[in-house]
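I wanted to practise reading a structure slowly, one place at a time, and to write down what I looked up along the way. These are my notes, in the order in which I made them.

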Amino acid sequence: MSQVEVSRKPPALPLATLIGRELRNEKVEKPFVKYGQAALAKKGEDYFLIKPDCQRVPGNLATSFSVFAIMDGHNGISAAIFVKENLLDNVLSAIPQDVSKDEWLQALPRALVAGFVKTDIEFQQRGETSGTTVTFVLIDGWTVTVASVGDSRCILDAQGGVVSLLTVDHRLEENVEERERVTASGGEVGRLNVFGGNEVGPLRCWPGGLCLSRSIGDTDVGEYIVPIPHVKQVKLSNAGGRLIIASDGIWDALSSDVAAKSCRGLPAELAAKLVVKEALRSRGLKDDTTCLVVDIIPYDRPILPPTPRKKQNVLSSLLFGKKPNYFTNKTTNKLSAVGVVEELFEEGSAMLAERLGKDFPLNANSGLYRCAVCQVDQAPSDGLSVNSGPFFSPGSKPWEGPFLCANCRRKKDAMEGRRPNRPKVSA
């Protein structure tokens, strides 16, 4: 290289500046999304959804996003199949039309809540008693949004070797807050009683005996088993990352760390098979076992590189910080280059009023309000706001909060223990 060529080279920029530009650059190439799936059936009640070719604007490839979901059914397969066929459409119908990508992503957490609740209402109207867990993952560029009810799980193995849980398990046995919510809403939590008064098995909710506090379906148990999902939205660095989405047949056998380490450095299709194989080796086939592995890969790389061993003392302080300050010192700079993940949103409340916000759309041409859950236009006299009681004093403000039609309002009240449990459904 000549002296002239050397002198013309642009001045070197600090690593922190380069990384900051990458993280903020909206014009960066979208990552590749590659995936693999593997499953072993015991009862045949696990279902999954893979849709890598969705579009925010139909016909516009630049607005593409991907959806992956696992439904672990119980008491039959009807609820899991219904969710697979209807949940995505119900979520998308709750997102305003003609909005920018950023506005679309910001609206997504609330739309997921509305979509889950609407799907549950629609399924209950069929009068069937099955139920299902749902772990629903939407990937748009570097942004990953996960909504979940039940005990299927999604983990993130970010570049840098830190494994993080993107879902919350809604098992009564492990989740104290959910036990308190269920009992406060009128349910009873306890174990099975066998002959002699001995209690066995995990904690369950009665009536019904379900060991989960959140699900879609389950028409024969109390309304306090709610379909309101925990939602978490994160943005990966341009180094990418791997998602492992699986039913509890995997997680009852493997920890998150073991599942991630068992398949690092392998293509997604092979990785999913190895996770299932490791779970089978560890515990045997005691339940339906389904695994999706999804790699979010920088456009210039064919496969995610193997990640180094976790450096918990430094990287854990970098991961999932709201409004993170990435570049505090030189040591942090070097490590953050491969593993920074920014948390954009997280909420797990089971109170519908807290999850739907306070705005409500009014159609100026018709004078109708749109229900925040079912998206049906209604006259104001036909519904109430989510925060309103059944009676108003002359000085009250009945329209504080989003509008709910009468049917969705009854659903909200029932989930909060404000009316008797849903009636038993005969077989």
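**Entry: L280 and its surroundings.** I began with L280, which in this predicted model has a relative accessibility of 37% and therefore counts as partly exposed, since that class lies between the limits of 20% and 50%. I then looked up where L280 sits, and found it in helix α8, which covers residues 268–283. With L40 and L285, L280 forms a nonpolar patch on the surface, and together the three have about 200 Å² of accessible area. I noted beside this that, in soluble globular proteins, nonpolar side chains tend to be buried together.

**Entry: the nonpolar cores.** Next I turned to the interior and asked myself which residues of the largest nonpolar core touch the most other members. They are F116, V134, F136, L352 and V373, in a core of 44 residues. Several elements give two or more residues to this core, including β2 (46–55), β3 (64–74), α3 (78–93) and α12 (406–415). The element that gives the most is α4, with eleven residues. Apart from this core I found another one, of 20 residues, among them A38, L254, A271 and A272. I also listed the contacts of V373, leaving out residues up to four places away in sequence, and among them are A114, V117, I121, L356 and C408.

**Entry: the protein in general.** I stepped back here and wrote down that the protein has twelve helices and 19 strands, and that 49% of its 427 residues count as buried. Its accessible surface comes to about 20200 Å², and carbon and sulfur atoms account for 52% of that surface. Among contacts with a separation of 6 or more, 68% are between residues 24 or more positions apart.

**Entry: salt bridges.** The structure holds 24 salt bridges, and I looked at a few of them one by one. In the pair of E45 and K43, the closest N and O atoms are 4.0 Å apart. E45 counts as buried because its relative accessibility is 12%, whereas K43 is exposed, with a relative accessible area of 53%.

The side chains of R264 and D157 also meet in a salt bridge, at 2.8 Å from N to O. Because R264 lies in the loop between α7 (256–261) and α8, and D157 in strand β6 (residues 153–158), this pair ties together parts that are 107 residues apart in sequence. D157 counts as buried, at 3% relative accessibility.

For the salt bridge between E343 and K232, I noted 3.2 Å between the closest N and O atoms. E343 is in strand β14 (residues 341–347) and K232 in strand β11 (residues 230–236), so this pair ties together parts that are 111 residues apart in sequence. Are these two partners buried or exposed? Both E343 and K232 are buried. I added that salt bridges sharing partners join K30, R56, K101 and D140 into one network.

**Entry: R171.** Last, I looked up R171, which is placed in the loop between β7 (163–165) and α5 (176–184). Which residue's side chain does the side chain of R171 meet in a polar contact? The partner is D252, at 2.9 Å. Not counting residues up to four places away in sequence, R171 touches D151, C211, L212 and D248 as well as D252.

Methods:
Residues are numbered from 1 along each chain as its sequence is written. This is a predicted model: local features need pLDDT of at least 70, side-chain atom pairs count only at pLDDT 80 or more; totals for chains, interfaces and linings use all residues. Side-chain values use heavy atoms; hydrogens and water are left out. Helices (H or I, at least four residues) and strands (E, at least two) are DSSP runs, numbered from the N terminus. A polar contact is a pair of N or O atoms within 3.5 Å; within protein, one must be able to donate a hydrogen and the other to accept it, and residues adjacent in sequence count only if both atoms are side-chain atoms. Contact means heavy atoms within 4.5 Å. Patches are made of residues with over 30% relative accessible area and no salt bridge: like charges are joined within 9 Å, nonpolar side chains (Val, Leu, Ile, Met, Phe, Trp, Tyr) within 5 Å. Accessible areas come from the Shrake-Rupley method with a 1.4 Å probe; for residues, only the protein chains shown count as cover. Buried means under 20% relative accessible area, exposed over 50%, partly exposed in between (1.4 Å probe, protein chains only). A nonpolar core is a set of buried Ala, Val, Leu, Ile, Met, Phe, Trp, Tyr and Cys residues joined through side-chain atoms within 4.5 Å.
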